[in-house]
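Biologist: Before we get to the details, could you walk me through how to read a model like this one? I'd like the general idea each time, then the case at hand.

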Amino acid sequence: MDWGAEYKLGVERFDNHHRQIAGVIGRMEDMARQGGDPAAWSALLDEMISISLAHFTEEEAELAKKDYPELLEHQDEHRNLLNELFELAGRQKETGSGPSLEVAEFLANWMAVHVAETDMRYRGLFGE
Amino acid sequence: MGDQYFGFTINDREFESFRELIYRESGIKLRENKKDLLRQRLNKRIRALGLSSFGEYFRIVEEDRSRKELTEMIDAVSTNVTSFFREIKHFEFLANKAIPETLARKKNGPFEFRIWSAACSSGEEPYSILFTLLEHEEFGPKWKVKMLATDISTKVLQKAMKGAYPQNKMEGMPDGLLKKYFDLEEGYYIVKPKLREMVNFRWFNLIATRFPFKHKFDVIFCRNVMIYFDKPTREELVRKFTDALAPGGYLCIGHSESLANTNHSLKYVQPTIYTK
């Protein structure tokens, strides 16, 4: 996925995380278009889970420290994605299915909406 | 932090009882990882009601015939960020694709655009859809909007019907639309009465009811609902939506939701948008 200026929060640590996550999603999109075996796809799903989990945990802790008023809603959005991801990854392991463009596009869209619309709401807390 | 150490605690058996009650009444399936969330959020309710334990609170919810506390509880565990034009891609899709297509499909009448905002929350979503339609160059005076907006929470429905939003919560709303569709009163932007009357707000439980609609919808929005449902409930809901859609109609779901793991007969258009 293209990770352009519209996704830049101005919070360096989180911008770096976002770029890494977008990188994993980009690899998923490439694999879905060019083909890949189920094991490689499964590894990418797992990587997506661990990298998002680490980022969400750090981000939520930081927002809690700053008494962010929308923390609960923000956390919910994180948890909802993780639940969906756990389900996608679990199902993939059961069925051994290969790369899916629908799944890669789902994650790319989630990330775009979450960063451009949800994360942007907290950027004011981090005055430079 | 405070809650964690000084709040009321919930044991596994109590959590199970709450999960079961919430599932039965709303279709919302709380997963294991929501135990902490349930505890944090219901702590506030328990304190507000002057109760001393989760067990006591459970009895109040169960015995409340008015279902008011049940609604409060469901609200507490299913919070979402809402704002005007949230998930802007859906509104771009409406303007660039769904509206022109529907108008072309219905060029010989009936001259009605039928939309259902199935989890309308405090109204930002149905009003954003309404503005998108009214602003569309092809949506001329011969066309009528038939807009249904429903939610399981009476509390948010009341807010939606009032259509009053704090002045500082209007991010995403272009200035031109603010001036055209809102009145500013004492720090609140209020949707003009004529526009509020264009939306039919109704209480509706998506899972407990058979859909009673005579006419099919051209577009259905149901965002951030299915994420709380288990697979069978999701599949049943998507089946009912499919049935309620006109051929060529569109279903828009929330950005945290995917039908990739769900059996359905819709066609995938782009992330979170499906067509019949």
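Modeller: Let's start with empty space: about 40 Å³ lies in the largest cavity. On a 1 Å grid over the protein atoms alone, a cavity is a set of points where a 1.4 Å probe fits but cannot get out, and lining residues have an atom within 4 Å of a point. Points are joined across faces, edges and corners, and a volume is the space filled by probe spheres set on them. One caution: this is a predicted model, so local features need pLDDT of at least 70 and side-chain atom pairs count only at pLDDT 80 or more, while totals for chains, interfaces and linings use all residues. Residues are numbered from 1 along each chain as its sequence is written, chains are lettered from A and ligands numbered from 1 in the order in which they are written, and side-chain values use heavy atoms, leaving out hydrogens and water.

Biologist: Which residues line the largest cavity?

Modeller: Chain A gives A:N109 and A:V113, and among those from chain B are B:H90, B:Q270 and B:I273. At least two lining residues each come from α4 of chain A and α6 of chain B; helices (H or I, at least four residues) and strands (E, at least two) are DSSP runs, numbered from the N terminus. The lining has three nonpolar, four polar and two charged residues. Here Ala, Val, Leu, Ile, Met, Phe, Trp, Tyr, Cys and Pro count as nonpolar, Asp, Glu, Lys and Arg as charged, and the others, Gly among them, as polar.

Biologist: And pockets: what is the volume of the second largest one?

Modeller: A pocket is an open set with protein on both sides within 12 Å along at least five of seven lines. The second largest has a volume of about 320 Å³. Its lining counts 19 residues, with B:F84, B:F85, B:I88, B:G172 and B:P174 nearest the centre. Two or more lining residues come from each of α4 (101-118) of chain A, and α6 (88-105) and α7 (124-135) of chain B. The largest share, four residues, is from α6(B).

Biologist: Now strands. Is β1(B) mostly covered or uncovered?

Modeller: Mostly covered: five of the six residues in β1(B) (112-117) are buried, meaning under 20% relative accessible area, with exposed over 50% and partly exposed in between (1.4 Å probe, protein chains only). Two strands pair if DSSP finds at least two bridges between them. β1(B) pairs in the parallel sense with β2(B) (144-151) over six bridges, and also with β7(B) (217-222) over three. B:S117 has B:A149 as its bridge partner in β2(B) and stands opposite B:F221 in β7(B).

Biologist: Which strands form the open three-stranded sheet?

Modeller: The order is β3-β5-β4 in chain B, with antiparallel pairing. β3 (164-166) and β4 (182-185) are the edge strands, each pairing on one side only. Four bridges join β4(B) to β5(B) (188-191), and B:F182 stands opposite B:V191.

Biologist: What about unusual backbone geometry?

Modeller: Most residues other than glycine have a negative phi, and most peptide bonds are trans. B:E186, not a glycine, has a positive phi of about 45 degrees; B:E186 sits in the loop between β4 and β5 of chain B. B:E186 counts as exposed because its relative accessibility is 82%. B:S121 also has a positive phi, about 50 degrees, in the loop between β1 and α7 of chain B. Finally, a cis peptide bond joins B:G109 and B:P110, with omega about -5 degrees.
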